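Please load the model in the viewer and keep the selection tool at hand. The stops below are to be taken in order.

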Amino acid sequence: ILNSLRRLMFSLAADHYTCAADTLHPVSQVAILLGVVCSVVAGLGGRVADMVLGLVSMIIVLVARDAQGAIDDRRAEMLRHVPQNVRTALSQFNLDGKTTVYAVCPACHYTYAPTDELGSFQPVYPERCQNMPHPGGGVCGEPLLEPRSSSSSPYKPLKTFVYQHFHDYLAGLLSQPDIERAMDKACDDFAASVHQPPPDYTRTVFDGKFFSTFYHDEAQNKLFLVRPNGEGRYAFALFIDFFSAEGKSLHNAHASLGIIAMACLNLPADIRYKPENIYLAGIVPGPEEPKLALLNHYQAPLISDMCQSWTDGVFISRTALCPHGRMTRSAIAVGVFDLPAEQLHSLDITRIGFAVFATCTVVFIFHAPIVTYGHVGTLARCVTGPSNGGMLRRLPTATTFSEGMEYAGRSYGGCLTGIRLV
């Protein structure tokens with residue numbers, strides 16, 4: 001029991017139940033609401049919305065002055081909380097999730113989490129990349145930080161990747177009673193129908209055959225979606241896609257950015273893909289797409305969070321229906337990816353296989369341009385190339401990404417085309 005408690009991860013959800021705007025003067029609240037409406041509802045650009053808020057602030061100042069043009073202390077305190085721009089207005093609603101800024105190696109795309117230095121509030125990153133891109137090869141050694149303009153200025157990474165904490169997003173999702181109720185109902189409906197004959201028509205994703213064989217503990221015949229003791233069980237679909245940030249062009253160079261996002265399959269289809277319910281893990285920085293296994297470095301923080309959730313669970317300190325908190329487990333059940341256009345000409349589209357993996361395994365493809373991947377219990381679509389028919393091999397379970405990469409390189413070395421975690 002003590003070992004389980006040591007491994008248990010807690011997610012504090014108090015920020016999702018407090019709002020700084022609740023304690024402000026009604027005039028400040030109206031000004032904040034106007035800023036949010038201009039930006040979110042009306043869709044005004046940042047500069048235009050900031051100009052509107054500036055004019056409103058100016059009007060409030062003129063009205064607050066007395067006949068001599070002075071402003072008393074009470075009105076001055078009210079004016080202090082009137083937002084001057086949209087960013088300030090939105091900050092009053094605690095809409096920003098908890099994030100970690102990783103330093104990214106410009107050469108090998110390895111990511112470095114910040115460390116804390118005693119007596120300093122600035123994040124600390126290594127000066128050079130210590131990653132070994134190829135097993136048995138040398139250290140990358142690429143500089144990670146910008147030159148400092150002065151001795152007192154902090155070091156800044158040359159390239160960054162901002163990761164939004166998954167469990168903070170999940171705590172925000174569960175802070176809404178209708179959302180939490182719908183997510184639990186999906187599991188309860190699945191548990192009630194799992195031993196019934198399959199329906200004639202598939203109405204939800206959980207009616208499919210895959211989830212009836214999606215085990216959390218196959219040895220004890222325990223399905224993932226059959227939640228014990230009121231535990232929260234949530235299945236997600238993982239999306240990864242790249243797009244040109246500067247528009248399409250046939251001949252000119254373009255910058256390509258990527259997104260790593262997930263949607264909760266427990267939610268009804270009509271609200272599942274609404275922007276407010278989508279989890280954006282991070283934006284993969286450009287200007288070029290990371291090739292093959294290099295994308296794994298950007299997914300490492302998400303994979304780590306999902307490993308913790310699958311293995312030991314995460315206790316969220318408070319939810320809308322459970323004020324004293326509840327245990328949750330989440331899994332990436334489905335991977336949804338497109339085929340990059342430049343690869344379509346070299347792929348045999350008929351050779352598409354589906355494989356389900358119940359443990360954290362390293363999979364790699366020989367002579368395969370693309371292999372999509374997810375995590376524990378992921379439905380992974382492996383697309384093999386036409387040459388040699390492609391070969392899919394499963395390696396022994398790896399406890400860490402680095403261990404899997406090392407084993408793969410040691411076992412198959414120069415035959416490697418791409419490695420993916422599933």
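Which residue in E4 is the bridge partner of Tyr102? Select Tyr102 together with Phe161: Phe161 is that partner in E4. The model in view is a predicted one.

**The strands around E2**

Extend the selection to strand E2, residues 99-104, and strand E4, residues 160-164; these two pair in the antiparallel sense over 5 bridges. Next, add strand E3, residues 111-112. E2 pairs with E3 as well, again in the antiparallel sense, over 2 bridges. Here the residues to select are Ala103 and Tyr112, the latter being the bridge partner of Ala103 in E3. Between the strands of the E2 and E3 hairpin there are 6 residues, and His109 in this hairpin adopts a positive phi near 70°.

**A cluster of aromatic rings**

Now select Phe190, Phe206, Phe210, Phe211, Phe214, Phe224 and Trp310, which ring pairs link into a cluster. The count of aromatic pairs comes to 16. Within the cluster, focus on Phe206 and Phe211: the ring centres are 4.9 Å apart and the planes stand at 75°, so this pair is edge-to-face, the term for planes over 60 degrees apart. From Phe211, move to Phe214. These two residues also form an edge-to-face pair, with 5.9 Å from centre to centre and 80° between the planes.

Are these side chains buried or exposed? Phe206 and Phe211 are both buried. The relative accessible area of Phe211 is 2%. Phe214, at 3% relative accessibility, counts as buried too, because the limit for that class is under 20%.

**The loop at Val226**

Keep Phe190 displayed and add Val226, which lies in the loop between strand E6 (222-223) and strand E7 (232-244). Val226 is partly exposed, with a relative accessible area of 34%. Leaving aside residues up to four places away in sequence, Val226 touches Phe190, Ala191 and Arg233. Select Cys187 next and draw a C-alpha to C-alpha distance to Val226: the two residues are 6.4 Å apart in space, and 39 residues apart in sequence.

**A nonpolar patch on the surface**

For the last stop, switch to a surface display and select Leu44, Val48, Met51, Leu55, Met58 and Leu62. Together these residues make a nonpolar surface patch of about 560 Å². To place the patch on the fold, pick out Met51, one of its members; Met51 is located in helix H3, residues 46-64.

Conventions
Residues are numbered from 1 along each chain as its sequence is written. Side-chain values use heavy atoms; hydrogens and water are left out. Patches are made of residues with over 30% relative accessible area and no salt bridge: like charges are joined within 9 Å, nonpolar side chains (Val, Leu, Ile, Met, Phe, Trp, Tyr) within 5 Å. Accessible areas come from the Shrake-Rupley method with a 1.4 Å probe; for residues, only the protein chains shown count as cover. A salt bridge is a side-chain nitrogen of Lys or Arg within 4 Å of a carboxyl oxygen of Asp or Glu. Helices (H or I, at least four residues) and strands (E, at least two) are DSSP runs, numbered from the N terminus. Two strands pair if DSSP finds at least two bridges between them. Rings of Phe, Tyr and Trp (its six-membered ring) pair if their centres lie within 6.5 Å; planes under 30 degrees apart count as stacked, over 60 as edge-to-face and the rest as tilted. Buried means under 20% relative accessible area, exposed over 50%, partly exposed in between (1.4 Å probe, protein chains only). Contact means heavy atoms within 4.5 Å.
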